[in-house]
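User: Please take a close look at one strand of this protein and its surroundings. I would like its pairing, its contacts and its place in the core, in one connected account.

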Amino acid sequence: MTAQTSIASFDHPHRARRHQRADVEMMARFRRGLVSSMVMLKDLTRFGARIEGVGQLETDEAVSLALPGCRPSMAFVAWANDHCAGLEFAEPLENAAFVDLVASYGLGRNAAAA
């Protein structure tokens with residue numbers, strides 16, 4: 001499946017996907033309250049991302065995420081478990097920024113399709 005045919009939602013990972021999703025591997029700066037850390041992004045849409053490497057988060061919690069080359073932006077936790085979380089961006093990524101990130105950090109066929 002390519003980024004063109006894959007669709008993602010950032011509700012629970014077993015629910016139907018709503019938006020184009022690209023499998024990626026990129027580090028991003030994550031901020032929760034006053035605590036800042038680096039997390040690994042595993043997939044990305046213009047509307048959200050799945051992250052790994054952060055402790056348990058609460059659904060609807062407001063956080064900040066700074067993607068490579070982008071200013072930090074507010075996001076909300078859509079779902080979370082002990083290992084990863086789905087974030088929904090308060091403002092969608094610009095299409096050009098999404099395409100650039102997927103071209104730089106995309107895995108497999110998704111990188112070429114985006």
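Analyst: What follows centres on strand S6, with the overall fold as a frame.

The model is predicted. The protein has two helices and eight strands. From the N terminus on, the order is β-β-β-β-β-β-β-β-α-α. Buried residues account for 36% of the 114 residues. Among contacts with a separation of 6 or more, 50% join residues 24 or more positions apart.

Now the strand. S6 covers residues 62–66. Two pairings of S6 can be described.

One is with S3, residues 22–32. S3 and S6 run antiparallel and share three bridges. One bridge can be named by its residues: Arg31 is partnered by Ser64 in S6.

The other is with S7, residues 73–80. This pairing is also antiparallel, over four bridges. Here Leu65 stands opposite Ser73 in S7. S6 and S7 form a hairpin with six residues between the strands. In that hairpin, Gly69 takes a positive phi near 75 degrees.

Leu65 deserves a longer look. Leaving aside residues up to four places away in sequence, Leu65 touches Ala28, Arg29, Phe30, Val39, Leu41, Arg71, Pro72, Ser73, Leu87 and Phe89. Ser73, its partner across the hairpin, is thus also on the contact list. Ala28, Arg29 and Phe30 in that list fall within S3, residues 22–32.

Leu65 also belongs to the largest nonpolar core, which has 24 residues. The residues with the most contacts inside this core are Phe30, Leu41, Leu44, Leu65 and Leu67. Of these, Phe30 and Leu41 touch Leu65 directly. S3, S4 (35–44), S5 (48–52), S6, S7, S8 (84–89) and H1 each supply at least two core residues. S3 gives the largest share, five residues. Val39 and Leu41, both touched by Leu65, lie in the span of S4. Leu87 and Phe89, also touched by Leu65, lie in the span of S8.

The helix on that list of contributors is H1, residues 95–105. Its buried residues are Phe98, Leu101 and Val102. Seen down the axis of H1, they fall within an arc of 95 degrees, so they line one face of the helix. An α-helix has 3.6 residues a turn, so residues three or four places apart point the same way. On the other side of H1, Ala96, Asp100, Ala103 and Ser104 are exposed.

To return to the strand: S6 pairs with S3 and with S7, and Leu65 is among the residues with the most contacts inside the largest nonpolar core.

How values were computed
Residues are numbered from 1 along each chain as its sequence is written. This is a predicted model: local features need pLDDT of at least 70, side-chain atom pairs count only at pLDDT 80 or more; totals for chains, interfaces and linings use all residues. Side-chain values use heavy atoms; hydrogens and water are left out. Buried means under 20% relative accessible area, exposed over 50%, partly exposed in between (1.4 Å probe, protein chains only). The arc is that of the directions from the helix axis to the C-beta atoms. Two strands pair if DSSP finds at least two bridges between them. A nonpolar core is a set of buried Ala, Val, Leu, Ile, Met, Phe, Trp, Tyr and Cys residues joined through side-chain atoms within 4.5 Å. Contact means heavy atoms within 4.5 Å.
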